[in-house]
Amino acid sequence: MVRQGLYWASAGRTTVSGLLPVLLCAVLLGCATHPWRIQMTIATDANNNSPVLISVVLPKNPTLFKKLLDMTAKQWFGQREQLLRDHRRDLEETYFEFIPGQQVPEMNRKVSSSVSQGILFVNYQTPGSHRYTFDTNQALKIGFAQQSVNLSQ
C-alpha cells in the first residue's frame, strides 16, 4: 500500500478523496435555492383591530400541496402543529404574528429550488377561506386591510 495524503490507497481502489468532488456536487445540487422577497403592509385597523396571524407554507410535495389547498385558514391553524409534525420533511413553514399598524421591514429569504408554489394562511376574523397561493419565483407583496388581504406579485 502507498500512503497518499491522509488516505490509504491500493492499486485498483478508489480513494475517499476521489469521491469527495462527486459527493460535494450531489449535496450542492440537492440543496439549490433561489432568493425570494416578501413585503408586508399592515393597516392600523387590520383584522378589525386584532392581531394578524400568518402562516407562510412551502410544501415540497405536489400531493401535500393539493391537500393543503382544500383547507381554509381556520382548518390549517387548527391542525397546524400536527401537520408540521407529520410532514416535517415535506413542509416548510414560517409563522408571523403582527399587530395592526406594525411596520414590517422587507424580508429576504432563500427558498428551495424544488418549491415553486406556496400557500399563505391568514387567521382573519371575517368570513372566508383566507388561503392564498403564490409563486415563490416572484416577489410577494401582501397588504393586510381591515377585513381583507391583498396579494400581488
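**Fold, sheets and cores of the predicted model**

Along the sequence, the protein follows the pattern β-β-α-β-α-β-α-α-β-β-β-β-β-β, with four helices and ten strands in total. Helices (H or I, at least four residues) and strands (E, at least two) are DSSP runs, numbered from the N terminus. The model is predicted: local features need pLDDT of at least 70 and side-chain atom pairs count only at pLDDT 80 or more, whereas totals for chains, interfaces and linings use all residues. Residues are numbered from 1 along each chain as its sequence is written, and side-chain values use heavy atoms, with hydrogens and water left out.

The average pLDDT (the predictor's confidence in each residue, from 0 to 100) is 84, and 80% of the residues score at least 70. Residues 1–29 have pLDDT under 50 throughout, and the model has 13 contacts beyond four places in sequence for them; a contact means heavy atoms within 4.5 Å. Where pLDDT is low, the predicted coordinates should not be read in detail.

Buried residues (under 20% relative accessible area, with exposed over 50% and partly exposed in between; 1.4 Å probe, protein chains only) make up 32% of the 153 residues. The accessible surface, from the Shrake-Rupley method with a 1.4 Å probe, comes to about 9500 Å², and 53% of this belongs to carbon and sulfur atoms. Of the contacts between residues at least 6 apart in sequence, 64% join residues at least 24 apart.

One open sheet consists of four strands in the order 5-4-7-8, with antiparallel pairing; two strands pair if DSSP finds at least two bridges between them. Its edge strands are strand 5 and strand 8, each of which pairs on one side only. The twist averages 20 degrees from one strand to the next. Five bridges link strand 7 and strand 8 in the antiparallel sense, and Phe-121 has Arg-131 in strand 8 as its bridge partner. Helix 3 lies across strand 4, strand 5, strand 7 and strand 8, at about 30 degrees to strand 7. Helix 4 lies across strand 4, strand 5 and strand 7, at about 125 degrees to strand 5. For these angles, axes are lines fitted to C-alpha atoms, for helices over the stretch in contact, and angles run from 0 to 180 degrees between N-to-C directions.

The loop between helix 3 (62–69) and helix 4 (73–86) holds Met-71, which counts as buried because its relative accessibility is 7%. Leaving aside neighbours within four places in sequence, Met-71 contacts Trp-76, Gln-79, Leu-83, Phe-121 and Arg-131. Met-71 and Arg-131 are 60 residues apart in sequence, with a C-alpha to C-alpha distance of 7.8 Å.

Another open sheet has four strands in the order 6-3-9-10 and mixed pairing. Strand 6 (107–112) and strand 10 (149–152) are its edge strands, each pairing on one side only. Strand 3 (residues 33–42) and strand 9 (residues 140–144) run parallel and are joined by five bridges; Ile-38 stands opposite Leu-140 in strand 9.

The largest nonpolar core (buried Ala, Val, Leu, Ile, Met, Phe, Trp, Tyr and Cys residues joined through side-chain atoms within 4.5 Å) has 23 residues, of which Met-40, Ile-54, Leu-120, Val-122, Ile-142 and Phe-144 touch the most other members. The elements giving two or more residues to this core are strand 3, strand 4 (52–59), strand 5 (91–98), strand 7 (117–122), strand 8 (131–135) and strand 9. A second, separate core of 13 residues includes Leu-53, Val-57, Ala-73 and Leu-91.
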